[in-house]
Amino acid sequence: MSPMNKSQLKTLINVNLLYVNPQTTTNARKKGKSGKKLARSLLGGYLFSGIIFLLAYGFIMVMMDFSQLPGYFTYYLALFMILGFSQGISVIYNIFFENQDVQWYLPLPFSQLEIFLAKFVVVAVTIVPFVLPALVLFILTGVRSGIFIGWTLLVSLLLFVLFLVLIFCICSGIVFGMTRTKLFKRHKKTVTSLLLVLSMVISVGGILLMNAQQPDYSSQMQDRTAISFLLPFYQASSQPFTMTGILSLLGLLAFTAIFVAIINKTLVPRFYEQLLSVSTITIAKRKHKGQLTLPQLLRNYNSQLIKEPNLIMQVFSSSLIMPVTFIISFAVSGQFDLRDTSLQFFGVVFFVGVALSIMIVNPMSFVAIMISLDKENFAFIQSLPFSLRTYLSEKFKFALQIQIALSVAIVILAGLVLHLPLLLTLAAILGTTVGTYLLSLRYFSRDYRLLLLDWTNFNQLYTRGSGRWGVALLMVGSTIIAGIALTVYGFAAYALPFWVLDLPIFLVFFIINVLVIRHYKKSFWDKLPA
């Protein structure tokens, strides 16, 4: 590749970096960063995310001798591969197809290969934070195997690159293959949603499946059954100078080369054609539904607002992944069979439902962004001959019904997989319904207070007010506090009778509900134009 082509590739990489997260780019520009400083700032953000993710697994892995535990080596590598797949599928679709920037490059002197490589690099930068612990896994295995540190670092880096390229190739094959189908061209939004659902299912389902196969621990740590197709990575890491290690490394190189050749032959030559065909897909005209009442019209309108696949998946992943993972993890462990739970714990289960609503309803929920989804339509709607209070009331009812449906579905799932008695399941449903209503009031009014109508990326809506880290800390902190409070409540419920403990708590909770509802009525609903 000539120096000129390298310069063009670097320019394309910098341009694609700007569109990964427009809000982050805008914030960096507000701080006076531009050009190379802006690109370095964006890369630094991904590096920081990678370090945080690395610390989360590093402390666990450094205590294990993977040179003697091939099963756990392949287990952790499969875990990072699943996380890479879950991110790769959605990121590749967003970077290659959702961006719809290929028409901008047509009059410019860029080759298809250069554009493809630039997008590949940006995808890699986005995925690397989630798979970076795999590099540490390779290094730890080599060091514990007594391999010279220089060779260990060299081999580990090579294996990590192969690992990353394989993830990209497989994810690209899935995404590009699906977008070529007639079904995608006819039902773009539906298939896109299914594509992103697939990434979430791969992430959650794969991790839960591996946890379900977790062996029992004894006083001395025992290895688990190795995942056979990942053993070449272990053999190349732990014994790179033996015949087995050399053949494993050569096999991985050949396997990766075949995948890259397939991508180069099948995807790159039709790169422009496919991206342009996807960007020009039009949505079929909606059928006329006859005369509708105002509430029906608003409901149809609000339904159209939330049909964007990326919005659905980001909301669902932020609202459902954590509680579903917890619930199914408890179920597959076999240690949480609640079929014999006494009605003595009615209050505890009720507030477990409230706690689940805290996990599900957050700044990234439908109800928290429902008004801002109107964008420029909001100003037009204000000019129509009906009150803003009526309009927002219908919008709130629509969003609230969705949030309650999600919360109740999670509670029913928990009741089924944990064998919770029917009356206690109903208690949890009641608790999550009340909690969802109160939290929906808070986040709906917050959306109006922080109204943003000129957004270009959903992340701009999610991180209003407290920023990305503030949202994460809020979710994690509220979950930890709720867990501690429920644990204390559970011990107290076991020791004290219902009338002594639960009755005063329910009375206080009822008073809090009344005060919260009254507060939002006066501070929000009554202040809207009638």
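**Helical architecture, cores and polar contacts of the predicted model**

Thr432 is placed in helix α19, which covers residues 422–449, and in this predicted model the residue counts as buried, with a relative accessibility of 0%. Although Thr432 and Val354 are separated by 78 residues in sequence, their C-alpha atoms are 4.5 Å apart in space. When neighbours within four places in sequence are left aside, the contacts of Thr432 comprise Gly353, Val354, Leu356 and Ser357, together with Ser407, Val408 and Val411.

The chain as a whole contains 22 helices and 0 strands. Of its 530 residues, 45% are counted as buried, and the exposed area of the chain comes to about 26900 Å², of which 69% is supplied by carbon and sulfur atoms. Among the contacts between residues at least 6 apart in sequence, 84% join residues that are at least 24 apart; the pairing of Thr432 with Val354, 78 residues apart, offers an example of such a separation.

The interior was then examined for nonpolar cores. The largest nonpolar core holds 68 residues, and within it Tyr76, Leu77, Phe80, Phe96, Phe163 and Phe233 touch the most other members. Two or more residues are given to this core by each of the helices α1 (3–20), α3 (35–61), α4 (70–98), α6 (112–144), α7 (149–179), α10 (231–238) and α11 (243–266), with the largest share, 18 residues, coming from α4. For Phe80, once residues up to four places away in sequence are excluded, the list of touching residues consists of Tyr57, Met61, Phe130, Val131, Pro133, Ala134 and Phe163. Apart from this core lies another, of 53 residues, which includes Leu320, Leu392, Leu406 and Phe458.

Nonpolar residues are also found together on the surface, where Val143, Phe148, Ile149, Trp151, Leu153, Leu154 and Phe241 form a patch with about 730 Å² of accessible area together. The largest share of this patch, 4 residues, comes from α7, a helix that also gives two or more residues to the largest nonpolar core. Leu153 lies in helix α7 and is partly exposed, with a relative accessible area of 43%, whereas Leu154, likewise located in helix α7, is exposed at 51%. The distinction in class follows from the cut-off, because exposed means over 50% relative accessible area. Leu154 and Ile139 are 15 residues apart in sequence, and the distance between their C-alpha atoms is 9.3 Å.

Polar side-chain pairing was considered next. The structure holds 3 salt bridges. In one of them Lys395 is paired with Asp374, the closest N and O atoms being 3.2 Å apart; this pair links distant parts of the chain, since Lys395 belongs to helix α18 (residues 388–417) while Asp374 sits in the loop between α16 (366–369) and α17 (377–382), 21 residues apart. Both Lys395 and Asp374 are buried. A salt bridge is also formed by Glu394 and Lys397, whose closest N and O atoms are 4.0 Å apart, and here both residues lie in helix α18, 3 residues apart, or about one turn of the helix. Lys397 is partly exposed, with a relative accessible area of 43%. A further salt bridge joins the side chains of Asp526 and Lys521 at 3.2 Å from N to O, with Asp526 partly exposed at 38% relative accessible area and Lys521 partly exposed at 46%.

Cysteine pairing was assessed last. A disulfide is a covalent bond between the sulfur atoms of two cysteines, and with a cut-off of 2.5 Å between the sulfur atoms the count comes to 0 disulfides. Cys169 is in no disulfide, the nearest cysteine sulfur being that of Cys171, 9.5 Å away. For Cys171, the closest cysteine sulfur is in turn that of Cys169, and the separation of 9.5 Å is too far for a bond. Both cysteines are nevertheless in the buried class, Cys169 with a relative accessible area of 5% and Cys171 with a relative accessibility of 1%.

Definitions and conventions:
Residues are numbered from 1 along each chain as its sequence is written. This is a predicted model: local features need pLDDT of at least 70, side-chain atom pairs count only at pLDDT 80 or more; totals for chains, interfaces and linings use all residues. Side-chain values use heavy atoms; hydrogens and water are left out. Buried means under 20% relative accessible area, exposed over 50%, partly exposed in between (1.4 Å probe, protein chains only). A nonpolar core is a set of buried Ala, Val, Leu, Ile, Met, Phe, Trp, Tyr and Cys residues joined through side-chain atoms within 4.5 Å. Contact means heavy atoms within 4.5 Å. Patches are made of residues with over 30% relative accessible area and no salt bridge: like charges are joined within 9 Å, nonpolar side chains (Val, Leu, Ile, Met, Phe, Trp, Tyr) within 5 Å. Accessible areas come from the Shrake-Rupley method with a 1.4 Å probe; for residues, only the protein chains shown count as cover.
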